[in-house]
Amino acid sequence: MKLTYLGTAAAEGWPAVFCNCEYCLKAKERGGKNIRTRSQALINDNLLLDFPMDANMHMLSNKLDLSSVESVFFTHSHLDHCSPIDLFFHAEGCYAHNLSKKSMTLYGNKKVGERIGQFVRAYEEERFGLEFCVIAPYIPIVCGDYTVTPLRANHSSGEEALVYIIQENGKTLLYLHDTGMPYEDVYEYLINNRIQADFVSYDCTYVTLPSGGGHLGLDSCQVLRDKFLAMGIIDENTVNCINHFSHNGKLIHDELVPVAEEMGFITAYDGMVIEF
Ligand SMILES: [Zn+2]
Ligand SMILES: [Zn+2]
Ligand SMILES: [Zn+2]
């Protein structure tokens, strides 16, 4: 499985659009991997996780053919994960020519469906080549070579936010964005279904700050990783990666990498490609 991190910031980006804090200024000055856009990831070349306002930039900077994407799984409706205005331009004809795949299926909760509907009012119509499916926790979806299982996220009170198990070709990814410490039923599902992850992507929004609700920081990522290990959900061969960072957490990428490494984590950056 190939995982490409397209955007690795929290909602406001890093540097954040109007921010002059020292961490945004430092990131702007140093550039490179210290520049983080909004949350999105690509599996192989045909499954997207989320569709933020930076999706067009992700297409440009990674030279992607987004028309080869067949499935988009939305985690929740927050704008840094679900900013669907560009989906309108999936319509073949005037906006898009020579699409590699004619249709794209969008999966998400009811609120995600409503948000997409605001921008692409007739998204169910054939001309957009889009279909929306409402999904629910713990009901696996088989699409192509993938089995994708939504898990209940501890994130947003106004909707059923989801994180995902993604399985393909005997490999398992746990994609945990956005969530605070998981609910008990998440561990139960993982244990009862003998899920063993090859790669885990942890929410590290708070970075060096103590974790608050709905997200994790370095401290709680470590607690969660150790809990997964004790439960047999991961083992010593699992790659543990932190992702989704806020400028309020202070450490820019260059500074965070050695701190995370010491704790047994790799640190995601925009454009990072991992094969496992
Ligand atoms: Zn987010
Ligand atoms: Zn800032
Ligand atoms: Zn969120």
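This section describes the overall fold, the zinc sites, the cysteines and one lysine of a predicted model.

The protein contains 6 helices and 14 strands. Its radius of gyration is 18 Å, which agrees with the value near 19 Å that a compact globule of 276 residues would have. Taken along the principal axes, the box filled by the C-alpha atoms is roughly 50 × 50 × 35 Å. Of the 276 residues, 55% are buried. The surface exposed by the protein amounts to about 12,100 Å², and 51% of this area is supplied by carbon and sulfur atoms. Among contacts between residues at least 6 apart in sequence, 68% join residues at least 24 apart.

Two zinc ions, ligand 1 and ligand 3, are placed 3.7 Å apart, and Asp178 coordinates both. The zinc ion (ligand 3) has as its protein donors His76 through NE2, His78 through ND1, His155 through NE2 and Asp178 through OD. These donors lie 2.1 to 2.6 Å from the ion. Along the chain, the donor residues of ligand 3 follow the spacing H-x1-H-x76-H-x22-D. The pair His76 and Asp178 links distant parts of the chain, the two residues being 102 residues apart. His76 belongs to the loop between β4 (71–73) and β5 (104–108), whereas Asp178 belongs to the loop between β10 (171–175) and α4 (184–192). Both residues are buried: His76 has a relative accessible area of 0%, and Asp178 has a relative accessibility of 2%. The angles among the 4 donor atoms of ligand 3 run from 90 to 174 degrees, and the site is irregular. A tetrahedral assignment would require all angles to lie between 85 and 135 degrees.

For the zinc ion (ligand 1), the protein donors are Asp80 (OD), His81 (NE2), Asp178 (OD) and His244 (NE2), at 2.1 to 2.3 Å from the ion. This site is also irregular, with angles of 86 to 153 degrees among its 4 donor atoms. In sequence, the donors of ligand 1 are spaced D-H-x96-D-x65-H. Distant parts of the chain are again linked, here by His81 and His244, which are 163 residues apart. His81 is located in the loop between β4 and β5, and His244 in the loop between β12 (239–243) and α6 (253–262). Both His81 and His244 are buried.

The cysteines were examined next. A disulfide is a covalent bond between the sulfur atoms of two cysteines. The structure holds 0 disulfides. For Cys82, the closest cysteine sulfur is that of Cys133, at 15 Å, and this separation is too far for a bond because a disulfide requires sulfur atoms within 2.5 Å. Cys82 is buried, its relative accessible area being 0%. Cys21, by contrast, is partly exposed, with a relative accessible area of 22%.

Lys33 is situated in the loop between α1 (22–30) and β2 (40–43). At a relative accessibility of 41%, Lys33 is partly exposed. When its neighbours within four places in sequence are left aside, Lys33 is in contact with His253 and Tyr269. The C-alpha atom of Lys33 is separated by 23 Å from that of Ser83, a residue 50 residues apart from Lys33 along the chain.

Methods. Residues are numbered from 1 along each chain as its sequence is written. Chains are lettered from A and ligands numbered from 1 in the order in which they are written. This is a predicted model: local features need pLDDT of at least 70, side-chain atom pairs count only at pLDDT 80 or more; totals for chains, interfaces and linings use all residues. Side-chain values use heavy atoms; hydrogens and water are left out. Donors are N, O and S atoms within 2.8 Å of the metal (3.2 Å for Na, K and Ca); water is not among the atoms, so sites may look incomplete. Four donors count as tetrahedral if all angles lie between 85 and 135 degrees; four count as square planar and six as octahedral if opposite donors are over 155 degrees apart and all others between 65 and 115; anything else is irregular. Helices (H or I, at least four residues) and strands (E, at least two) are DSSP runs, numbered from the N terminus. Buried means under 20% relative accessible area, exposed over 50%, partly exposed in between (1.4 Å probe, protein chains only). The radius of gyration is taken over C-alpha atoms; the globule rule is 2.2 Å times the number of residues to the power 0.38. Contact means heavy atoms within 4.5 Å. Accessible areas come from the Shrake-Rupley method with a 1.4 Å probe; for residues, only the protein chains shown count as cover.
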